[in-house]
Amino acid sequence: YVGSHPEVRVVVGGPLWHRLESDYVRKNADWEALDKFLEESCPDRVLIKQPWLERNVDFFTQAKGAKILVCTREPETLFQSWQGEGREYTGNECRENPMREYIRGMLACFRMLLMGAMEIQKERIGQALEKPLGKFLGLDYRGFDSARLRQKWMGAKEREWIEARAIWRDRR
């Protein structure tokens, strides 16, 4: 769903641009800077992606008006990703006890769902997500690029797309 609607701009900040992850909201978010950034970006809707952010419940209680999408995965496919390409970004905890980390992550996701987040199951991305995503985000569902919703993110091959459509913060 990343970059699948023209009214949603992606925020890129930090060294992991090729994964579209942003250090902008890690652990101790600078709320004053974040509020200023969102004000400057208005009226754009922005997407700030950071894996495992759902474990930081304080972030979501302070992010007033934010729409949270929680992407869940089946354990088998998640564990494969932890072992395959990109494994250098996998933490030691995930390598040492993947099921424990999966359960911890799912419990955190469940807390976010109780707070009003929308769940997207990774294995179902591209299967008629336009209408539910549009309704949840307050967007015209016809604006979604169905092909992009089905497309697997291709990392570094997406550089040109990212350059043209992202809001860059802390460019390195």
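Arg 104 pairs with Glu 101 in a salt bridge whose closest N and O atoms are 3.0 Å apart, a salt bridge being a side-chain nitrogen of Lys or Arg within 4 Å of a carboxyl oxygen of Asp or Glu. Because they are 3 residues apart in helix α5, Arg 104 and Glu 101 are separated by about one helical turn. The model is predicted, so that local features need pLDDT of at least 70 and side-chain atom pairs count only at pLDDT 80 or more, while totals for chains, interfaces and linings use all residues. Residues are numbered from 1 along each chain as its sequence is written, and side-chain values use heavy atoms, with hydrogens and water left out.

**Salt bridges**

A search of the whole structure finds 3 salt bridges, and they are listed here with the N to O distance of each.

| Basic residue | Acidic residue | N to O distance |
|---|---|---|
| Arg 100 | Glu 101 | 3.4 Å |
| Arg 104 | Glu 101 | 3.0 Å |
| Arg 142 | Asp 140 | 3.0 Å |

Arg 100, Glu 101 and Arg 104 are linked in a network of salt bridges. Within this network, Glu 101 is buried at 3% relative accessibility, whereas Arg 100 is partly exposed at 40% and Arg 104 is partly exposed at 43%; buried means under 20% relative accessible area, exposed over 50%, and partly exposed in between, with a 1.4 Å probe and protein chains only. In the pair formed by Arg 142 and Asp 140, Arg 142 counts as exposed at 64% relative accessibility, and Asp 140 counts as partly exposed at 36%.

**Overall architecture**

The protein holds 8 helices and 5 strands, which are DSSP runs numbered from the N terminus (helices H or I, at least four residues; strands E, at least two). Read from the N terminus on, the elements run β-α-β-α-β-α-α-α-β-α-α-α-β. Of the 172 residues of the protein, 37% count as buried.

**The nonpolar core**

The largest nonpolar core has 16 residues, of which Trp 31, Leu 34, Phe 59, Phe 60 and Val 70 touch the most other members; such a core is a set of buried Ala, Val, Leu, Ile, Met, Phe, Trp, Tyr and Cys residues joined through side-chain atoms within 4.5 Å. Helices α1 (31-41), α2 (57-62) and α5 (98-114) each supply at least two residues of this core, and α1 gives the most, with 3 residues.

**Surface patches**

Two patches are described here, both built from residues with over 30% relative accessible area and no salt bridge, where like charges are joined within 9 Å and nonpolar side chains (Val, Leu, Ile, Met, Phe, Trp, Tyr) within 5 Å. Met 99, Ile 103 and Leu 107 form a nonpolar patch with about 280 Å² of accessible area together, a value from the Shrake-Rupley method with a 1.4 Å probe. Ile 103 has its place in helix α5 and is partly exposed, with a relative accessible area of 45%. A patch of negative charge gathers Asp 30, Glu 32, Asp 35 and Glu 39 on the surface; among them, Asp 35 lies in helix α1 and counts as partly exposed at 47% relative accessibility.

**A contact distant in sequence**

Gly 134 is found in helix α6 (residues 130-137) and counts as buried, at 2% relative accessibility. Gly 134 and His 5 are 129 residues apart in sequence, and their C-alpha atoms are 9.4 Å apart in space.

Notes
Lys and Arg count as positive and Asp and Glu as negative; His and the chain ends are not counted. The place of a charge is taken as NZ of Lys, CZ of Arg, CG of Asp or CD of Glu.
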